[in-house]
Protein chains: 2
Amino acid sequence: MINYLAIDAGGTSTRAVFLSARGECLGYGISGGGNPVSRGFEGAIDSLLEASEKALGGTGNRFHSVTLGMAGASLELPTHLFQQRFITLGLAHEVLIESDLLAAFYSGTYQDNGYALIAGTGAVAARVTESRLAAVADGTGWLLGDDGAGFWLGSQVVRAVAAALDGRGAPTALTELVLAELDITLDPGVRTQGRVGAQQQLIVKIYEMRPIELSRFAPMVFAVRDDAVAADIIERAADALARTLGAVIEADTPGPLVFGGSVLTKGGAVAAAVTARLADKLGAAAGSEPLAPVLVHDGVVGAAVLALKRNGVEVDAAVFGRITESLAALRD
Amino acid sequence: MINYLAIDAGGTSTRAVFLSARGECLGYGISGGGNPVSRGFEGAIDSLLEASEKALGGTGNRFHSVTLGMAGASLELPTHLFQQRFITLGLAHEVLIESDLLAAFYSGTYQDNGYALIAGTGAVAARVTESRLAAVADGTGWLLGDDGAGFWLGSQVVRAVAAALDGRGAPTALTELVLAELDITLDPGVRTQGRVGAQQQLIVKIYEMRPIELSRFAPMVFAVRDDAVAADIIERAADALARTLGAVIEADTPGPLVFGGSVLTKGGAVAAAVTARLADKLGAAAGSEPLAPVLVHDGVVGAAVLALKRNGVEVDAAVFGRITESLAALRD
């Protein structure tokens, strides 16, 4: 029996799975961030090797090839360096690098056509056609887009608080949460040169942070109840994510629809709002009822699916079911 | 006759005027950026001294005190260092530091109560009461606010273009302008891993820039004609600036209203849209017709007005007229 190694390399954690051609997951390992853009090449390769060794269980198990799902696979990564290192270590003769977006899609389905929408720190949608990325929307980063994702949400939260403090915006329960998080005392009576003291402190503390760190304020928008300002931010996030997914939907691709990333998978309010906004378009694409999204929490199942598919192994419902069930057992 | 030196220290240029207690401007000088936050203390002091020496005309003219209008006067600037340097050089016995916001206000009026709205790279509004900043709104910087100002506009422009390129947003004439500015060729047929080639190039070029440099794309929103996307950005800028000014308006302060910064003073469409949105509130504050804003291009007149007022010289319509007319003659 030929075996395979599949790796899902993320920005904050990396997952590897050792599996058979039948889809039986034999070993599983997890490690730190495996993205060379955020971790550097050496840091990334260390994470990949650590997760791989854990998945192989130190048994010296051999495998045919390694399939690596990774962000920015479309960009100019030094993929040959990954290949060289794996080959030098005698771990594999072949390293296949795939988009993390495709790995996320195949974590929810074994079919070769459909859609993925991911909203974590960033936001991106893809249409998959014949097992390839046919169209991608957004995923353009915090300065250009990623509308409705973590940075965007956190940024809207702190902007709403800054506006509430000087009266440009409506009062919001977010103010108390943000000021408490930053150890700022709200004393509305105190103004220095016309400016509210808490706002002056907010300015100082926010500009001490790296911009991308604003995503830490994103969860607050879901933590407050009956707050019109927070509700409006969530509505606008759903609008943006619906536009992103809507941009890749076409009538003759009926689905399935895979959702990933904490904004869509935690709570479910945003996911429901996005599908509601696209009911017509999704119904038209499917030719029947709107699609219900499959939620995925990472891309490791998809990396395993890709490991088999790219090596000519057919992945049907039975194989897909075997991958998800045997992997779930290993992860328990 | 006692004379005064007044300086308007901006981020990109510094203006100094040497004037008499009657408001006659006797000398004028201009130099580079005089803001210690952006230029560093030594760079800023060099600009202040260069503009001052030009204004004094190398005649060894003596003056009672120097009044310095400067951004962030409310923050913890090393103002004693400015004072020390001026005093060491024998230029003045006293250095008064005032907010650039107050200098902008007094560039449009000699009255001690009213409003200023400035929208250049940043956006900020103030209510002036008895010659002091009584309330300030926004001016919170590009990450927290400055809604409707240069960075905000430029950011909206590039986000609209990124969205137009992958179909999330409507097509816009801004695309051609932005891509031409960045030397990117639009070839809608080419996709790599699902992503439009021009968008991939846009991502690479935008993230090579410092975020604040996005303000260079702001003027494009006024350069296109009959473009719904650009018109929507302008409308939202006017909404934001109206909220900022509206936050400092109160019923018993009737005006005047001073507008500054290129977003409000160039073209005039945004200024008109802001006053239209606040017609009721401004009418209520004035108790009659909505206020017509006075447009100012920098803060040097206001620095001169402050130099006199802070030294106990009454500035009435005649003195104010003398300052503006004699300064205009020097600047020609």
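Start in chain B and select helix H2 together with what surrounds it: the cover over the buried residues of H2(B) includes strand S1 (3-9), strand S2 (13-20), strand S3 (25-32) and helix H1 (36-39) of chain B. What is on screen is a predicted model.

Now show the side chains of H2(B) that lie beneath this cover. The buried residues are Ala44(B), Ser47(B), Leu48(B), Leu49(B), Ala51(B), Ser52(B), Ala55(B) and Leu56(B). Next, pick the two end C-alpha atoms of H2(B), residues 41 and 56, which are 22 Å apart. The helix has 16 residues, and at 1.5 Å a residue it should span 22 Å, so the two values agree. Step past the end of H2(B) to Gly57(B), where phi is positive, near 70 degrees.

Move to chain A and colour it by domain. The domain assignment gives domain 1 as 3-107 + 298-331, domain 2 as 114-146 + 235-296 and domain 3 as 150-227. Select domains 2 and 3 of chain A: their C-alpha centres lie 30 Å apart. Where these two domains touch, domain 2 of chain A contributes seven residues and domain 3 of chain A eight. On the domain 2 side, the residues divide by class into three nonpolar, three polar and one charged.

Stay in chain A and select helix H6, residues 174-181. Which residues of this helix are buried? They are Leu174(A), Thr175(A) and Val178(A). Because the arc they cover around the axis is only 100 degrees, these residues sit on the same side of H6(A). An α-helix has 3.6 residues a turn, so residues three or four places apart point the same way.

To see what the buried residues of H6(A) pack against, add helix H5 (150-166), helix H8 (220-223) and helix H9 (228-246) of chain A. After H6(A) comes Asp183(A), with a positive phi near 60 degrees.

The last stop is the contact between the chains, so show chains A and B together. How many residues does each chain bring to the contact? Chain A brings 34 residues and chain B brings 34 residues. On the chain A side, strand S8 (132-138), H5, helix H7 (197-208) and H9 each supply at least two residues. S8(A) gives the most to this side, with six residues. Colour the side of chain A that touches chain B by class, and there are 17 nonpolar, 11 polar and six charged residues.

Conventions: Residues numbered from 1 in each chain as written. Chains lettered and ligands numbered in written order. Predicted model: local features only at pLDDT ≥ 70, side-chain atom pairs only at ≥ 80, totals over all residues. Buried ≥ 20, exposed ≤ 12 C-beta atoms within 10 Å, placed from the backbone. Helix = DSSP H or I, 4+ residues; strand = E, 2+ residues; numbered from the N terminus. Arc of directions from axis to C-beta. Nonpolar A, V, L, I, M, F, W, Y, C, P; charged D, E, K, R; others polar. Domains from an automatic or database assignment. Expected span 1.5 Å × (residues − 1).
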